[in-house]
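Colleague: I'm new to this, so please take me slowly through one part: the open space in the protein. A word on charges over rings would be a nice warm-up.

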Amino acid sequence: MTPFLASLLEISLNNVNIPSDWKKAIVVPVYKGGERSTDMNYRPITLTSVVCKQLEHVIARYLRQVWDKNDWLYEGQHGFRPVYSCESQVNTVCQDIVDSLDEDVGRDAIIIDISKAIDLVPHDRLLTKLSASGVDKRVVVWVQEFLVDSTQRVRVGGQISKEVKVTSGVPQGSVLSPLLFLVYVTDIWRNIASNIRRFAGVCIVYTKITNKNDAESCRMVWKPWGEWAVENEMKINPGKSRAIRFTRAWVKNPLGYSFGDQKNSGSQQL
């Protein structure tokens with residue numbers, strides 16, 4: 001089967017054409033925890049064509065090669081990259097905090113959560129960012145074909161829903177989706193002077209606090225984040241975002257971080 005599959009994938013890529021069957025997906029809910037009767041406690045996983053995934057692997061390898069050569073991805077991105085992981089993100093942040101405490105300098109950190117990030121990605125803006133990353137135009141057009149006019153149905157037990165068209169987002173469970181998400185959020189660090197460590201839809205922003213001006217600068221991180229979210233049609237979830245201060249000294253005053261008109265209720269000191 002290998003020669004035939006290789007020929008099929010080559011035709012698809014060179015002619016920028018994807019069979020309609022490759023665009024049909026089945027979404028299955030995977031239980032995460034909590035009350036089973038609540039739909040928010042399930043993660044939607046998309047089952048797609050196995051043959052299409054083989055070509056996705058080829059394109060994913062190509063994207064990584066181009067981005068590594070151009071040093072295009074932000075160094076603070078720890079998700080969906082070789083050698084990087086959730087553990088590398090945590091280790092880096094912890095080491096920075098320990099170094100600051102050894103210098104008797106505190107750090108303020110803001111942990112920001114993007115709501116339903118994978119599902120909200122608009123296709124047109126994603127393709128614009130992918131094109132600007134230095135990849136071949138044929139790959140950009142292929143990804144466009146991969147996303148446009150795709151459909152999905154939900155399967156729960158033995159029941160299956162009607163087919164609906166997917167108008168935004170990247171399918172969770174596909175090979176390319178994590179990399180396409182990286183393309184979309186890789187510019188989130190611009191206009192922010194603080195340290196940023198990202199993993200998927202959650203990231204931590206932190207800075208040294210040596211005086212009141214530093215604390216105020218860290219509070220201002222919310223503004224460019226909010227502007228980025230509006231511009232890129234993303235939603236920041238204040239309810240799941242947290243602020244925390246790491247210091248050797250006891251500070252009586254609250255941290256006072258807020259997003260828009262919502263005060264951050266998760267602020268604390270360690």
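Modeller: Warm-up first: a charge sits over a ring if NZ of Lys or CZ of Arg is within 6 Å of the ring centre and within 35 degrees of the ring normal. K129 does this with its charged end over the ring of Y184, 4.2 Å from the centre, and R36 does it over Y31, at 3.7 Å. Keep in mind that this is a predicted model, where local features need pLDDT of at least 70, side-chain atom pairs count only at pLDDT 80 or more, and totals for chains, interfaces and linings use all residues. Residues are numbered from 1 along each chain as its sequence is written, and side-chain values use heavy atoms, without hydrogens and water.

Now the space. The largest pocket (on a 1 Å grid over the protein atoms alone, an open set of points where a 1.4 Å probe fits, with protein on both sides within 12 Å along at least five of seven lines) has a volume, the space filled by probe spheres set on the points, of about 900 Å³. Its lining (residues with an atom within 4 Å of a point) has 32 residues, and K32, R43, K116, D119 and Q172 are the closest to the centre. The largest share, four residues, comes from β2, a strand (a DSSP run of E, at least two residues).

The second largest pocket holds about 340 Å³. Of its 22 lining residues, T46, Q152, V166, V170 and P171 lie nearest the centre. Elements giving two or more residues to that lining include β1, β2 and β4 (151-156).
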